[in-house]
Amino acid sequence: LARMCKRHTQEPGFALFAIDLDRFKDINDIYGHGVGDQLLVHVSGHLKEVLLEGEFVARLGGDEFVAIMPLSGNGDTRQEAALMAARLRDAIVRPMQGEHTQLGCGASIGVALWPSDADEANALINNADLAMYRAKAALADEFCFYDHSMDEAVRERRRMTQGIREALENDEFQLHYQPQILLGTNEVTGYEALIRWPQADGSFVSPASFIPLAEDTGLILPLGEWVLRKACEEAMQWASPLRLAVNLSPVQLGQTDLPNMVAQ
């Protein structure tokens, strides 16, 4: 890649494609790694079939691939790269005949253009990866071009991740309680514990922003345990023995020690 960057110092340059197979882990888990390896060979063969002169594709490891396409400069370079992304996607999604069924996977593809999107090789790789993760998160978008706003999104994600860690260490989260009411009598029968993250200026970070991030980074496990223990501690101070509802993340349901933690 570094040699390509030196060779294409001027426009139109080339396009770098970061490719991640979707649902490949499910196939490995359900059918075994042997079938997963067969699918990788199947996908690789079809990728090589759709390459044109001067184009290159390689598997980096696992379910990650990379492709390079020299741009001709004869027209819209993004459209030119988009056409190759579509070729790559169509090659990947061709199903493989398994023992009892057809097996296949999807693809999330990120595209970064040299030299307009980066000034050195590592930055180009990083930018293609950012675009690929945006494509994976968007679900409907099977490929995505890098744009500079993604850098700011990454910085904000890192800042918020660090903020969650510090808020846990400093006991900055709060629990608010939503009453559960029996409609016939308006009697309060219990409360649902809701986590809130107050800021120094009196505002709150929306749970819709920090809960998915905590799930992605694994911080939901200590955060969820804090909520459960804090809710139980505070409920012990209530005058009446009311019901207490505490929400769990699907990530927490995968913990083998979850029943023991709830019992404690």
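**Reasoning through charges and a core**

Q: Why is K25 called exposed?
A: K25 has a relative accessibility of 57%. The word exposed is used over 50%, so K25 counts as exposed. Keep in mind that this is a predicted model.

Q: How do you know that K25 and D29 form a salt bridge?
A: Their side chains meet at 2.8 Å, N to O. The cut-off asks for a Lys or Arg nitrogen within 4 Å of an Asp or Glu carboxyl oxygen, so this pair qualifies. K25 and D29 are 4 residues apart in helix α2, and therefore about one helical turn separates them.

Q: What makes E49 and R94 a salt bridge that ties together parts apart in sequence?
A: The N to O distance is 3.3 Å, which falls within 4 Å. E49 belongs to helix α3, while R94 sits in the loop between α4 and β4 (96–97), so the pair links parts 45 residues apart in sequence.

Q: Why are E49 and R94 given separate labels, exposed and partly exposed?
A: E49 has a relative accessible area of 56%, and over 50% means exposed. R94 has 33%, which lies between the limits of 20% and 50%, so R94 is partly exposed.

Q: Why is D20 called buried, and K136 partly exposed?
A: D20 has a relative accessible area of 10%, and under 20% means buried. K136, at 27%, counts as partly exposed, because that value lies between the two cut-offs.

Q: What makes D20 and K136 partners?
A: Their side chains meet in a salt bridge at 2.8 Å, N to O. D20 is in strand β1 and K136 in helix α5 (residues 121–138), so this bridge ties together parts 116 residues apart in sequence. Salt bridges with shared partners also join D20, D22 and K136 into one network. A search of the whole structure finds 9 salt bridges.

Q: How do you know that E172 is a fair candidate for a surface patch?
A: E172 is partly exposed at 35% relative accessibility, and patch members need over 30%. E172 gathers with E166, E169, D171 and E233 in a patch of negative charge on the surface. E172 itself lies in the loop between α6 (149–169) and β8 (174–182).

Q: Which residues have the most contacts inside the largest nonpolar core?
A: They are F17 and I19, in a core of 31 residues. Elements supplying at least two residues each include β1 (14–22), α3 (33–49) and β6 (106–114). The largest share, 7 residues, comes from α4.

Notes:
Residues numbered from 1 in each chain as written. Predicted model: local features only at pLDDT ≥ 70, side-chain atom pairs only at ≥ 80, totals over all residues. Heavy atoms only, no water. Patch = residues over 30% accessible without salt bridge, like charges linked within 9 Å, V, L, I, M, F, W, Y side chains within 5 Å. Areas by Shrake-Rupley, 256 points an atom, 1.4 Å probe, with all protein chains shown as cover. Lys, Arg positive; Asp, Glu negative; His and termini not counted. Charge placed at Lys NZ, Arg CZ, Asp CG, Glu CD. Buried < 20%, exposed > 50% of the residue type's maximum accessible area, 1.4 Å probe, protein only. Core = buried A, V, L, I, M, F, W, Y, C linked by side-chain atoms within 4.5 Å.
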